[in-house]
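Got the model loaded and a selection box ready? Let's walk through it stop by stop.

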Amino acid sequence: ISFSDSKYTYIISLTEETKNYVTAPFEARFPNTNQAQNCFQNHLDLTRLCQTKGQDVAPSEWYQRVYKSLCPLSWFLSLHLAKWDDQIEAGSFPGKI
């Protein structure tokens, strides 16, 4: 699958890995259909974990998989999540880390 906008061309390939893909489990704190807050919280949890334990621990893969499955694709394409990482590094991120 490919699509493009004025600056970039995106190619999404469906591989063997995606055939057995499991999405995020139910989270009682976020029972509504809109999962934007759940995406945000899992990104915060991943950031906290990576800052305390490092990125090479198994739970970090789980948090990364969960927030990537919950966050809207448009957030990835608009680099919204990259902006969060930049804000975290600059110390201006609004969430509690």
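Start with the contact map: counting contacts between residues at least 6 apart in sequence, 52% join residues at least 24 apart. Keep in mind as you click around that this is a predicted model.

Now switch to cartoon and colour by secondary structure. You should find five helices and two strands. Follow the chain from its start and the order reads β-β-α-α-α-α-α. Then flip on the surface: the protein exposes about 7,200 Å², with carbon and sulfur atoms supplying 53% of that area. Of the 97 residues, 27% count as buried.

**Stop 1: the nonpolar core**

Hide the surface and select C39, C71, W75, L81, W84 and F93. These are the residues with the most contacts inside the largest nonpolar core, which has 14 residues. Which elements give two or more residues to this core? They are helix 2, helix 3 and helix 5. Helix 2 provides the largest share of the core, with four residues.

Zoom in on C71 while you're here. Ignore its neighbours within four places in sequence, and C71 is in contact with C39, F76 and L81. Two of those partners, C39 and L81, you already have selected from the core list.

**Stop 2: two residues of helix 2**

Next, pick N42, which sits in helix 2. Is N42 buried or exposed? Its relative accessibility is 4%, so N42 counts as buried, the cut-off being under 20%. Show everything around N42 and skip whatever lies within four places in sequence: you'll see contacts with W62, Y63, V66, Y67 and L70. For a distance label, try N42 to K68: the two are 26 residues apart along the chain, and their C-alpha atoms are separated by 9.1 Å.

Slide along to Q41, also found in helix 2. Q41 is buried too, because its relative accessibility of 15% falls under the 20% cut-off. What does Q41 touch, not counting residues up to four places away in sequence? Select R29, F30 and R48 to see its contacts.

**Stop 3: across to W62**

Go back to the N42 partners and choose W62, which belongs to helix 3. With a relative accessible area of 35%, W62 is partly exposed, because that value lies between the 20% and 50% limits. Beyond four places in sequence, W62 touches P25 and N42. Add a C-alpha label from W62 to L46 as well: these two are 16 residues apart in sequence and 8.7 Å apart in space. Keep L46 highlighted, since L46 is also one of the residues at the next stop.

**Stop 4: the second largest pocket**

Finally, bring up H43, L46, T47, C50, Q51, Q55, S60, Q64, Y67, D85, I88 and E89, which line the second largest pocket. The elements giving two or more residues to this lining are helix 2 (36-53), helix 3 (58-70) and helix 5 (80-90). Which helix gives the most? Helix 2 does, with five residues.

How much space lies in the second largest pocket? About 240 Å³. Colour the lining by residue type and it divides into four nonpolar, six polar and two charged residues. Before you move on, click Y67: Y67 is part of this lining, and Y67 also turned up among the contacts of N42.

Notes: Residues numbered from 1 in each chain as written. Predicted model: local features only at pLDDT ≥ 70, side-chain atom pairs only at ≥ 80, totals over all residues. Heavy atoms only, no water. 1 Å grid on protein atoms, 1.4 Å probe; cavity = no way out; pocket = protein on both sides within 12 Å on 5 of 7 lines; lining within 4 Å. Points joined across faces, edges and corners; volume = space filled by probe spheres on them. Nonpolar A, V, L, I, M, F, W, Y, C, P; charged D, E, K, R; others polar. Buried < 20%, exposed > 50% of the residue type's maximum accessible area, 1.4 Å probe, protein only. Contact = heavy atoms within 4.5 Å. Areas by Shrake-Rupley, 256 points an atom, 1.4 Å probe, with all protein chains shown as cover. Core = buried A, V, L, I, M, F, W, Y, C linked by side-chain atoms within 4.5 Å.
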